[in-house]
Amino acid sequence: MSEKVYQVSELNEAARDLLETGFSRISVEGEISNLSRPASGHLYFSLKDAQASIACALFKGSRFALRMDWTEIANGVQVRLQGRVSLYAPRGQYQLIAAQMEPAGLGALEREYQLRLQRLQAEGLFAAETKREPPRRAMRIGVITSPSGAAVHDVLNTLKRRNPAAQIVIYPCMVQGKEAPAQIIAALQAANRRQECEVLLLVRGGGSLEDLWAFNDEALARAVAASVLPVISGVGHEVDTTLADFAADRRAATPTAAAEMVSPPVADEVLRLQRRQQQLSQDLARLIRQQQLATQQLQARLLRQDPRRQVEQRQQRADELQGRLQQAMQRRLQEAAWQQRHLAQRLALCHPDKRLSSERQRLGRWAQSLRAHQPMRRLESERRAAAEKERRLLAALRQRLQQERQQLQYRQGRFERVQLAPRVAAAQTQLRHLSLALQRRQENFQAQQQQQFAALAQRLALLNPLAVLARGYAVVENSQGEVLSRAQDVQLQEQISVRFADGKAQCRVEKVKLQS
């Protein structure tokens, strides 16, 4: 008689029939773990005690038969189930199909977790005022995790995509098991001692409460809170919260979210730099306008106090004085010439020949009168008196003529001694000195303005996004001008534009390769 050979599906069907027949209604008590709530509305979890666990399923049609609220079902809750044992044929996994559920008290791990949480909160270990703000874009990032877990790959891929220039230091340690807390504490202390990073990421993938129990260690929570470097915790998934999460400066829902906290996308950074460039351009334009206004004011003041203008004014004053002096000298010369002519006329009128002629005429008249009267004695007396008067008159005329000649020579000497050339030369020398001083002040002012402009241009160049492109990066845009930051946003045969530091390139997508 030959032995019956089962197909795998037949064996699973037969085992399910045996289980459902032998354990059609059974009550089991244990602690919920690995709870999953898919979109279908069913619940899948494990029910465990200290030695073993069993997979369970609670379908949404049974929720009305529960003796506890649907929202109270959570990891760590101690419950009592009533249902049947079955087998999930596709995987050959036997499970408990729950029909009723009621609370049976919190599990041991959950109670211990709550006790530790309350004790550390009472000490103020999780106070908000002790938290520090991690850098938004860190360039030196430390990662404390298992070197072989999925979390480290998620973090490295995220940082490589969003911040490829960042330096990453991995501090390897165990993240599960009894030795994990001590190794994580040692990694934290090493990172703080070596001071290689700006921020630390404490990360681990998801798991059950037991898998994540190392991060509920009280000594580890104290070490995280005492860290000199800011710590971002990314342990498990969104529903998983550990004591390390409370002690960290920031909590991320996942390891990937923790990496994103310290590495904004390149497109966001380019946009930020563009906005910063625009702001700097506006500030620079406003500063230039202010400097131009100040320069105009200084030029107006300089024009009012311009040495060249003062020299021109003084030169004009000197020309005016020189003209007035020449006019005065001409008037004096005209007056002197008129006086000379007047004196010459007077001298001509007082010339001895004319006086002698006049006296001779008068004497002739007297002689005629004397001859008529024959007063010889009186005539002789009058003749002597006339001779004396003639002598005295000639002496006086000669003396007056000598005085007039001396006065004329004196005035002519004074006029010759008045020299305008030295005064004009001195004014020209002063004009040259003032012109040189003005030129030096203008050169110094222009040099200062050029230095200020060069410093502002250098600061603007440091913040120029094109400098980032010049180091080998590029910005990819679609046909609508939108920036593409992920490979999954690109369509095959799509026309894209790649912007480099020195121009653009129009490309067609032939192949898209996504990183796993």
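A nonpolar core, as used on this tour, is a set of buried Ala, Val, Leu, Ile, Met, Phe, Trp, Tyr and Cys residues joined through side-chain atoms within 4.5 Å. Keep that in mind for the second stop, and remember throughout that you are looking at a predicted model.

**Whole chain**

Start with everything on screen, in cartoon. The chain has 516 residues, and 29% of them are buried. Colour by secondary structure and you should find 13 helices and 13 strands. Switch on a surface if you like: about 33,800 Å² is exposed, with carbon and sulfur atoms supplying 51% of that. As for contacts with a separation of 6 or more, 66% of them link residues 24 or more positions apart.

**The largest core**

Now select Ile144, Leu188, Leu200, Leu202, Phe215 and Val224 and show them as sticks. In the largest nonpolar core, which has 32 residues, these six touch the most other members. Next, light up the elements around them: helices H2 (108-122), H4 (180-194), H5 (218-225) and H6 (243-247), plus strands S8 (199-204) and S9 (231-235), each put at least two residues into this core. Which helix gives the largest share? That's H4, with five residues.

Zoom in on Leu200 and pick everything it contacts. Skipping neighbours within four places in sequence, the list includes Gly142, Ile144 and Tyr171, then Leu188, Ala191 and Asn192. Also in contact with Leu200 are Ser227, Leu229, Pro230, Val231 and Ile232.

Before leaving, add Phe45, Trp70, Val77 and Met101 to your selection. They are among the members of a second core, separate from the one above and made up of 18 residues.

**The parallel sheet**

Hide the sticks and go back to cartoon. Select S7, S6, S8, S9 and S10, in that order: these five strands form an open sheet with parallel pairing. What's at the edges? S7 and S10 (250-251) sit there with a single partner strand each, so one side of each has no neighbour in the sheet.

Zoom in on S6 (residues 140-145). Its pairing with S7 (residues 167-172) is parallel and runs over six bridges; look for Thr145 standing opposite Pro172. S6 also pairs with S8, again in the parallel sense, over four bridges. Pick Val143 and you can find its bridge partner in S8, Leu201.

Now bring helix H3 (residues 150-162) into view alongside S6 and S7. Together the three make a β-α-β unit, and its hand is right.

**The antiparallel sheet**

Jump to S11, S12 and S13. They form an open sheet in that order, this time with antiparallel pairing. The edge strands are S11 (475-477) and S13 (503-508); each has a single partner strand, so one side of each is left without a neighbour in the sheet. Turn the sheet to look along it, and the twist from one strand to the next averages 25°.

For a close-up, take S11 with S12 (residues 495-500), which pair in the antiparallel sense over three bridges. Label Glu477 and, opposite it in S12, Ser497.

**Last stop: Ser33**

Finally, go to strand S1 (residues 26-36) and select Ser33. Is this serine buried or exposed? With a relative accessible area of 3%, Ser33 counts as buried, because the cut-off for that is under 20%. Show its surroundings: apart from residues up to four places away in sequence, Ser33 touches Phe45, Ser46, Lys48, Asn75 and Glu210. You've already met Phe45, in the second core.

Note on methods. Residues are numbered from 1 along each chain as its sequence is written. This is a predicted model: local features need pLDDT of at least 70, side-chain atom pairs count only at pLDDT 80 or more; totals for chains, interfaces and linings use all residues. Side-chain values use heavy atoms; hydrogens and water are left out. Two strands pair if DSSP finds at least two bridges between them. Axes are lines fitted to C-alpha atoms, for helices over the stretch in contact, and angles run from 0 to 180 degrees between N-to-C directions. Buried means under 20% relative accessible area, exposed over 50%, partly exposed in between (1.4 Å probe, protein chains only). Contact means heavy atoms within 4.5 Å. Accessible areas come from the Shrake-Rupley method with a 1.4 Å probe; for residues, only the protein chains shown count as cover. A crossover is right-handed if, with the strands pointing away from the viewer, the path from the first strand over the helix to the second runs clockwise.
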